[in-house]
Amino acid sequence: MIANSPSIRLLSTGLRRVLGSRVAAAMAAPHSVDRYLELFDPTWSVHEVRAEVTAVRHQTADSVTLTLRPNANWQGFRAGQFVRLTVEIDGVRRTRCYSPANSVHAGNEHIELTTKAHPTGFVSKFLRDEARPGMIVMLSQADGSFALPDQRPERVLLISGGSGITPVMAMLRTLCDESYTGRITFLHYSNAAKDLIYAAELAAIAARYPNVELLRAFSESEQCGELQGLFQREQLATAVPDYVEATTFLCGPPGMMKAVQKVWAEDGIGERLHLENFTAAAPVIDSANAEGDVRFARSERLAANNGATLLDQAEAAGLRPEAGCRMGICHTCTCRKLSGQVRDTRTGELSDSGDEDIQICVSVPVGTVTLDL
Amino acid sequence: MSHFSKLSPEQFTAIGAEFDGIRNRVRADLGERDANYIRGLVKRQRQLEVGGRIMLMIPPTWPLGVAALSVSKILDNMEIGHNVMHGQYDWMGDPALNSKNFDWDSADTAKNWKQTHNVEHHTYTNVLNRDHDVGYGLLRMSTKQKWEPRFLANVPLTVLLHTFFQHFVAVQNLKIEEVLIYKTKTTAQLKEDFKPVWKKMRKQLAKDYVLYPVLAGPMAPFVFVGNVAANLARNVWACAVIFNGHFPEDVEQFPESVLENETRGHWYVRQLLGSANFSGGRLMHVMSGNLSFQIEHHLFPDLPAHRYAEIAPQVRAICEKYGLPYNTGSFLGQALSTWKRIFKLSLPTRDSGPVRQEPVNSELEPLRMAA
């Protein structure tokens, strides 16, 4: 429940204790107490995090920034972490991962999510076109190890590309709110100035905080950025000469992430680089060499292996397994493999052939695989 | 003479394709309309339940409370519980409306029910020895069931089954007759199987007959009696709807041999011949969980039930095209026909054959039920 003032908060705590009690559970059994609370307010829940969209902004043509007011079950997040957001589109629930971009000091009554609508992005396009204040969404608690450490580093380098800006934006805003005194370099890559989300706020922060250095790199020519072109070692060495000393946080498209990781690995400072994959590299699908069948044991379905990920193959077979990020970070799709071997699309690693939990969104079958689906 | 033998293998294939076509068209069209329908219904059921339980505590509104709680329990079990646990709304991805998670306001555990109902009853509809819903191990519902003296009690036992339906269904998966009569199951095994059932039963009994009466304080007797009445109303109604769906006199029942090499087309036709509809208005359909469209439900058990009314004309047209019966009638007519069968079968019939033996595999012809 939403708690705004101290007295309401107190009342809310007492009410929550009653609603979460065993008596309440026995009264509602076999249904959950939430199913009755929903009658009064769609955001009321004893355990689930639900949120109301309170504001919708379009900072660039293809992006949308949502302000959410979560219910009191929201436990807050660490700058850099992500949440799983679930919306219902034409009757079907869809879950995707987004990193809150607000400062952790903005209070628990407020979460800001920004998403860029990709041409193939079903949920991001829906949010850009359909999100309105008053809309109710479901959230998970914050998750992920990509986050500012509690012991703040002395020197921070934030590198991002495209909509990978959101988790590092949360870090920048959080550090500024804390009157952090160390030096921060905010290095961001995008195609053109018009695509830069948070352009005005970044400029304002850089102007206000002398310890924040803003480096905008645009790949298209004739843009008014501090840097030009894609990430390269020489450019980095000139623009951020002390990058070796900095604790670096990286989030961006796969190509850029790879290039940055390579530099850090070559310099032997890989442990100073923290990263978040926000889009998966397109998995290498080898349909020509796909062999065997995919067996879905519980639903008693069988499909010829076409080389795609098990999640895609399950969906093509008409199943609707739970899934979230579709890139192997959120573990929503984790499912029991009963037999067979799979290859991790991210690492190329082969699994055991026995009974184990696998993430089906990043696993392709190698030969016949049986899933408990 | 069964309708099975009138059809050629090509016709079975064609019928299979036609029914698959209906199914695929509805599946492709599922969306917000279906989500809104089931959510709206869940909301209405919760309102009736909360309202009903409050009204039971206030003497002047007591009769209304009984009515509201009865309707709430019927909706919970039939149009919501039965249909959600069939997986009709799994495609929505809502954990609260998912067949894996849903549990209903009934003494029966969701897990046991999905086994006896979704697996045994729906896969082997009206196949003797396979479909336990044929008589629930209690009644003689087919001439091919060997007559035993205990079946003289067919009629009073049917009344008993209606009265305590939720508890009979709860113990259905235990197959008690195998312990008491056929001695093919041990008492120890029965005790083990009863544990999860008792756990659920206990919770349900405690909720309706201890917790809510206690909460009502001095009104406890009113609430207690009101809950008895609501559970009874739900039991009788649910049982009557289910009996109407499979036991009117013209509905066929089948020997196990029918399952050998059964194609999709054969399966569809068996479902069709083994089910019966009854007519009514929108309210009748909702209150019966759309099992008034038992035929459509058995052809497409995992399509959202509120769609059955829409596809019924197409199903009927296919039946007419292939000369197959489409068994329907008024609720009372079907009920009367069902009770006639129950009464007749309580007495020995001439063509009763042994049922606990291997089925005669020389003929693929189903056995017609009408005496």
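## A walk through chains A and B

Start by selecting Pro30(A), which sits in the loop between α2 and α3 of chain A. Helices here are DSSP runs of H or I with at least four residues, strands are E runs of at least two, and both are numbered from the N terminus. Show the peptide bond joining Ala29(A) to Pro30(A): it is cis, with omega about 5 degrees.

Before moving on, a word on what is loaded: this is a predicted model, where local features need pLDDT of at least 70, side-chain atom pairs count only at pLDDT 80 or more, and totals for chains, interfaces and linings use all residues. Residues are numbered from 1 along each chain as its sequence is written, while chains are lettered from A and ligands numbered from 1 in the order in which they are written.

**Stop: where A touches B**

Bring up both chains. 14 residues of chain A are in contact with 22 residues of chain B, contact being C-beta atoms, placed from the backbone, within 7 Å. On the chain A side, the elements giving two or more residues are α2 (22-28), α3 (33-37) and β4 (92-98). Colour that side by class and you get seven nonpolar, one polar and six charged residues. For the colouring, Ala, Val, Leu, Ile, Met, Phe, Trp, Tyr, Cys and Pro are nonpolar, Asp, Glu, Lys and Arg are charged, and the others, Gly among them, are polar.

**Stop: the six-stranded sheet**

Now pick the open antiparallel sheet of chain A, with its six strands in the order β4-β3-β6-β1-β2-β5. Pairing takes at least two DSSP bridges between two strands. β4 and β5 (111-116) of chain A are at the edges with a single partner strand each, so one side of each has no neighbour in the sheet. From one strand to the next, the twist averages 40 degrees. Zoom in on β2 (residues 63-70) of chain A, which pairs with β5(A) in the antiparallel sense over six bridges. Which residue of β5(A) is the bridge partner of Thr67(A)? Click on Glu112(A).

**Stop: domains 2 and 3 of chain A**

An automatic or database domain assignment splits chain A into domain 1 (6-139), domain 2 (155-277) and domain 3 (293-371). The C-alpha centres of domains 2 and 3 of chain A are 36 Å apart.

Select Ser179(A), in the loop between α5 (165-177) and β8 (183-190) of chain A. Its phi is near 55 degrees, a positive value in a residue other than glycine. Next, go to Gly268(A), just after α8(A), where phi is also positive, at about 70 degrees.

Then select the open sheet β14-β13-β17-β15-β16 of chain A, five strands with mixed pairing. Its edge strands, β14 (301-304) and β16 (356-359) of chain A, each pair on one side only. Inside, β15 (residues 334-344) and β17 (residues 363-371) of chain A run antiparallel and share six bridges. Arg343(A) is opposite Val364(A) in β17(A).

**Last stop: two helices in chain B**

Switch to α5 (residues 154-163) and α9 (residues 220-246) of chain B, which pack at about 125 degrees with axes 7 Å apart. The axes are lines fitted to C-alpha atoms, for helices over the stretch in contact, and angles run from 0 to 180 degrees between N-to-C directions. α5(B) and α9(B) are therefore oblique to each other; under 35 degrees is roughly parallel, over 145 roughly antiparallel, 65 to 115 roughly perpendicular, and the rest oblique. Show Leu161(B), His162(B) and Thr163(B) in α5(B), which meet α9(B) residues including Leu232(B) and Cys239(B). By class, this contact has five nonpolar, three polar and no charged residues.

Note on methods. Two residues are in contact if their C-beta atoms, placed from the backbone, lie within 7 Å.
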